[in-house]
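This report describes the strands, helices, ligand surroundings and backbone conformation of one protein chain. The sequence and the structure are shown below.

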Amino acid sequence: MASPEYPLLSKNFFADPYPLLRRLRDECPVYYHAPLGAWFLARHDHCTAAVRDRRLVNARARQLLSTLMPALHGTDELAAMIGQWSRLLWFLDPPRHTRSRGLVMRGFSAAAIERVRDEVRASVEDALASVPGGGGELDVVWQFADPIALEVLCAIFGLPGELRADFRRWTTDIMQVAGAGATDEDPALRATDSSVKLFGLLAALVEERRARPGDDMISRFLGDDRDDPAVLEEVTIQCFQMVGAGYVTSRNQIACAVLALLEHPDELARLRATPGLLGPAIEELLRFAPSVLTTNRLAAEDLEIGGQQIRQGELVFPILASANRDPAAYPDPDRLDLARGGRPMTFSIGPHYCPGGPLARLELEEALQGLLRFPSWQLVGGFDYRGASLQDRGPSQLRVRLGV
Ligand code: HEM
C-alpha cells in the first residue's frame, strides 16, 4: 500500500511541524518520503535505536549532499565539497570517528566550557546594551541570539573581529543547504564556494594557534600534538564541523526558547517566580521547541524498522523533534511544563551525541537570565519560519518589547 503523502519540507510544516509529526507517529511512523528518497522515523523508540544501530552509518556525505543538491550532480564543486565533508566528525564511523572525537572532546571538558561563561555573559550584555534601562524593542533573532551565538564561536576559537562578517556569511550559506537542500544552482554553488572559503579561514587560524598557542579551544584541540601535520589538518576539519554544527543551531535555539515562553505566559511567570527552575526549564524548552528537527544516517545493509524494509544505501532521518513529542516517552508531550525534568532527544544520544550540548545550554542559560531582568516581554508584530530546514528551524525574526 502506498504511504500517504506527508509534506515534511513544506512551509506549513516548518511553521508548525507538530500536528504533522503527531499524524506520522500515529499513522506511518516509518515513512518513505519519495521526493527526498529517504526514510523518516517519528517514534521515540525507533529514533533512539537508530542513532545507536551500527548498521546505520554516518559515512554518508556523498549520498546526503547529492540528495540535498541535485542541481550540482556530477560537478567538480560537489565532488570537492563531498571530499571535504566526508572527513567531518558527523560523517565518520569507528575507528576514525572514535579517534577524531577523542581529539575534539579535549576542548569540551566541563571546565573548558565553564571558562567561556564570562565571554558568553559579556556577549549577552553587549546585545542588551542596545535596550535602554527603561525598556525598549529588540529583534531577539538578529540583535540578540545571532550575535551571542557568533561571539561564542569566535570566542572559543579566538577568531579576530575583522573576520567575523565573512565567517557569518559563509556559515549561513552552508547551513542553508545542509538541512533542506537546494534544488537551484545558485544557493548550491554559493554553499560549495563558501565551504572552501571557510575552510581556508580556519586552516589559517589553526596554523596561527600552532605558532602561538592560547587559552582557546583550537589550542586545546591541538594539545601536545601541535607539531604533527596530520593533527593540524584534523583540527582544521573538526573546527569546520564545529562552525557548521554550533552557530545557526544555537542562534535558533535561543529564539525558539524565547518564543515558546512568549507563547506560554503562565510558564514564563512561573519561571520568574520560582528560584531554581531555570535548569529544568532549559531542558524542557529544548524538548518542546528544538532548533534541530532531525539527524540522519545511511543504511549500510538491508534492515527492517517498524515492519518497513530499508534497503542498503538508503538515507534514514530519525526525527528528534518528533521523538521529543512522543507520549510513550513524555506524558502529555504537547504541554510545556518547565518543571517536567528529564532529558530531551534534541542533542541525540549514542556515539554521535552532540558534544556542544553543554555549551548550548550555557548560552541558553545566560541569554534567558539576561532577558529575564526585564519584567515584561511583549511580542511585536508577526514572525515566520522563512529559511527553516530540517537541520535548523527558528523564526526569521522576533521583535520583542522588553519593559520594566
Ligand atoms: C542548541 C544548539 C544545538 C543543537 C540543537 C545541536 C544538535 C545536534 C545534533 C542533533 C547532532 C547530531 C547527533 C547525531 O547524529 O546523533 C549534533 C552533532 C554535533 N554537534 Fe551539535 N547541536 C547544537 C549546538 C552545538 C554546538 C554549540 C557545537 C559546538 C560548538 C556543536 C557541535 C556538534 C558536533 C561537533 C557534532 C557532531 C558529533 C559527532 O558526530 O560525533 N553543536 N548536534
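## Helix 9 and the three-stranded sheet

Helix 9 (residues 140-157) lies across strand 4 and strand 10, and its direction makes an angle of about 80° with strand 4. The model in which this arrangement is seen is a predicted one.

Strands 4, 10 and 9 form an open sheet of three strands in the order 4-10-9, with antiparallel pairing. Strand 4 (135-139) and strand 9 (376-379) each have a single partner strand, so they stand at the edges and one side of each is left without a neighbour in the sheet. From one strand to the next, the twist averages 25°. The antiparallel pairing of strand 4 with strand 10 (residues 399-403) rests on five bridges. One residue pair can be named here: Asp-139 has Arg-399 in strand 10 as its bridge partner.

## The loop before strand 10

Gln-397 is placed in the loop between strand 9 and strand 10. With 16 other C-beta atoms within 10 Å, Gln-397 counts as partly exposed, since that class lies between the limits of 12 or fewer for exposed and 20 or more for buried.

When neighbours within four places in sequence are left aside, the contacts of Gln-397 are Asp-139, Val-141, Trp-142 and Phe-383. Asp-139 is also the bridge partner of Arg-399. Arg-270 is 127 residues from Gln-397 along the chain, and the C-alpha atoms of these two residues are separated by 26 Å.

## The five-stranded sheet

A second open sheet has five strands in the order 1-2-8-5-3, and its pairing is mixed. Its edge strands are strand 1 (30-33) and strand 3 (56-57), each of which pairs on one side only.

Strand 8 (residues 315-318) pairs with strand 2 (residues 38-41) in the parallel sense over four bridges, and Leu-41 stands opposite Pro-318 of strand 8. Strand 5 (residues 297-299) runs antiparallel to strand 8 and is joined to it by two bridges; here Arg-297 stands opposite Val-316. How are the two faces of strand 8 covered? Leu-315 and Phe-317 are buried on one side, and Val-316 and Pro-318 are buried on the other.

## Two long-span helices

Helix 11 (residues 185-211) contains 27 residues and spans 40 Å between its first and last C-alpha atoms, close to the 39 Å expected at 1.5 Å a residue. Its buried residues include Ala-188, Ala-191, Thr-192, Ser-195, Leu-198, Leu-202, Leu-205 and Arg-209. An α-helix has 3.6 residues a turn, so residues three or four places apart point the same way. Ser-194 and Val-206 are also among the buried residues of helix 11.

Helix 13 has 34 residues and reaches 50 Å from its first C-alpha to its last, close to the expected 50 Å. Helix 13 is mostly covered, with 27 of its 34 residues buried.

## Surroundings of the ligand

The shell around the ligand holds 27 residues, of which Ala-245, Gly-246, Ser-348, Cys-354 and Gly-356 come nearest. By class, the shell divides into 14 nonpolar residues, 12 polar residues and one charged residue.

Helix 13 (229-262) and helix 17 (357-372) each supply at least two residues of this shell. The greatest contribution comes from helix 13, which gives seven residues.

## Backbone conformation in the loops

Most residues other than glycine have a negative phi, and most peptide bonds are trans. Three sites in the model depart from these patterns. The peptide bond from Pro-94 to Pro-95 is cis, with omega near 0°, and Pro-95 lies in the loop between helix 5 (76-85) and helix 6 (96-105).

Asp-332 has a positive phi of about 50° although it is not a glycine, and Ser-348, likewise not a glycine, has a positive phi of about 65°. Asp-332 is found in the loop between helix 16 (320-323) and helix 17, and Ser-348 also has its place in the loop between helix 16 and helix 17. Is each of these residues buried or exposed? Asp-332 counts as exposed because it has 8 C-beta neighbours inside 10 Å. Ser-348 is buried, because 21 other C-beta atoms lie within 10 Å; Ser-348 is also one of the residues that come nearest to the ligand.

Technical notes: Residues are numbered from 1 along each chain as its sequence is written. This is a predicted model: local features need pLDDT of at least 70, side-chain atom pairs count only at pLDDT 80 or more; totals for chains, interfaces and linings use all residues. Two strands pair if DSSP finds at least two bridges between them. The expected span of a helix is 1.5 Å times one less than its number of residues. Axes are lines fitted to C-alpha atoms, for helices over the stretch in contact, and angles run from 0 to 180 degrees between N-to-C directions. Two residues are in contact if their C-beta atoms, placed from the backbone, lie within 7 Å. A residue is near a molecule or strand if its C-beta atom, placed from the backbone, lies within 6 Å of it. Ala, Val, Leu, Ile, Met, Phe, Trp, Tyr, Cys and Pro count as nonpolar, Asp, Glu, Lys and Arg as charged, and the others, Gly among them, as polar.
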